[in-house]
Amino acid sequence: MVKLIESMQADILGIQELFIHEVNELKPFLSQDYNFFGKGQMDGEVYGEVNGIFYKKERFEALDTRFYFVAENPLMKPEGNPRGIKGFNVIKLLDKKTNRTFVVINLHADFRKPDKRLMTFKTIIKVIKERYKDEAVVLMGDLNLFPNWIDKASLPFHDGNYIEKLLNK
């Protein structure tokens with residue numbers, strides 16, 4: 001995996017479904033070129049999947065890092081079974097090359113439950129409107145959206161197939 005990442009030379013790389021010990025095993029191989037931000041989604045710290053963000057340290061500077069829960073109040077861990085808790089990582093970066101800032105959001109949306117997936121995107125929209133409304137935002141991750149999914153029509157953006165069609169016109 002490290003050789004693939006190195007060959008891609010990505011400026012920003014989102015990871016999904018890694019646990020903290022796996023992230024900690026990967027970081028030493030990438031630490032020469034990349035910084036990392038990511039929290040576990042079960043507690044906003046170290047438990048659960050980490051859907052983190054690697055970014056080229058030579059090109060970007062982290063100005064702000066945050067973890068949000070998929071909840072009515074995204075800053076507070078919801079009650080209940082920790083296995084059902086979801087969240088997403090957000091980092092505001094300064095591009096040293098262009099001197100412009102932007103926000104990167106990385107997530108792993110629920111695969112089995114459309115209502116939970118929809119709540120994830122509604123929470124993201126809420127966070128963007130409240131905190132990042134004046135910023136360019138890059139949304140990445142395992143969105144678990146496919147062309148004919150029932151919840152697709154209710155989302156305020158387009159899936160990859162639609163964007164690919166636009167780009168290839």
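Two strands are taken as paired where DSSP finds at least two bridges between them, and with that criterion in mind the tour of this predicted model can begin at its sheet.

Select residues 12–14, which form β1, together with residues 53–56, which form strand β3; these two strands run antiparallel to each other and are joined over three bridges. Within this pair, centre the view on Gly 14, and you will find Ile 53 of β3 standing opposite.

Next, add residues 34–37, which make up β2, so that the whole open sheet of three strands is shown, in the order β1-β3-β2 and with antiparallel pairing. The edge strands are β1 and β2, each of which pairs on one side only, and neighbouring strands of the sheet are turned against each other by 20 degrees on average, with direction ignored.

From here, move into the loop between β2 and β3 and pick Asn 51, which counts as buried because its relative accessibility is 1%, against a cut-off of under 20%. Display its side chain: one of its polar atoms lies 2.9 Å from the backbone nitrogen of Glu 17, while a polar contact of 3.4 Å joins it to the side chain of Gln 41. Expanding the selection to residues that Asn 51 touches, leaving aside those up to four places away in sequence, brings in others, including Ile 15, Lys 39, Asn 89, Asn 106 and His 108.

Finally, colour the protein by pLDDT, which averages 86, with 85% of the residues scoring at least 70. Confidence is highest in β3, at 98, and lowest in helix α4 (residues 160–167), at a mean of 50. Where pLDDT is low, the predicted coordinates should not be read in detail.

How values were computed: Residues numbered from 1 in each chain as written. Predicted model: local features only at pLDDT ≥ 70, side-chain atom pairs only at ≥ 80, totals over all residues. Heavy atoms only, no water. Helix = DSSP H or I, 4+ residues; strand = E, 2+ residues; numbered from the N terminus. Axes fitted to C-alpha atoms, helices over the stretch in contact; angles between N-to-C directions. pLDDT = per-residue confidence, 0-100. Buried < 20%, exposed > 50% of the residue type's maximum accessible area, 1.4 Å probe, protein only. Polar contact = N/O pair within 3.5 Å; in protein donor to acceptor, adjacent residues only side chain to side chain. Contact = heavy atoms within 4.5 Å.
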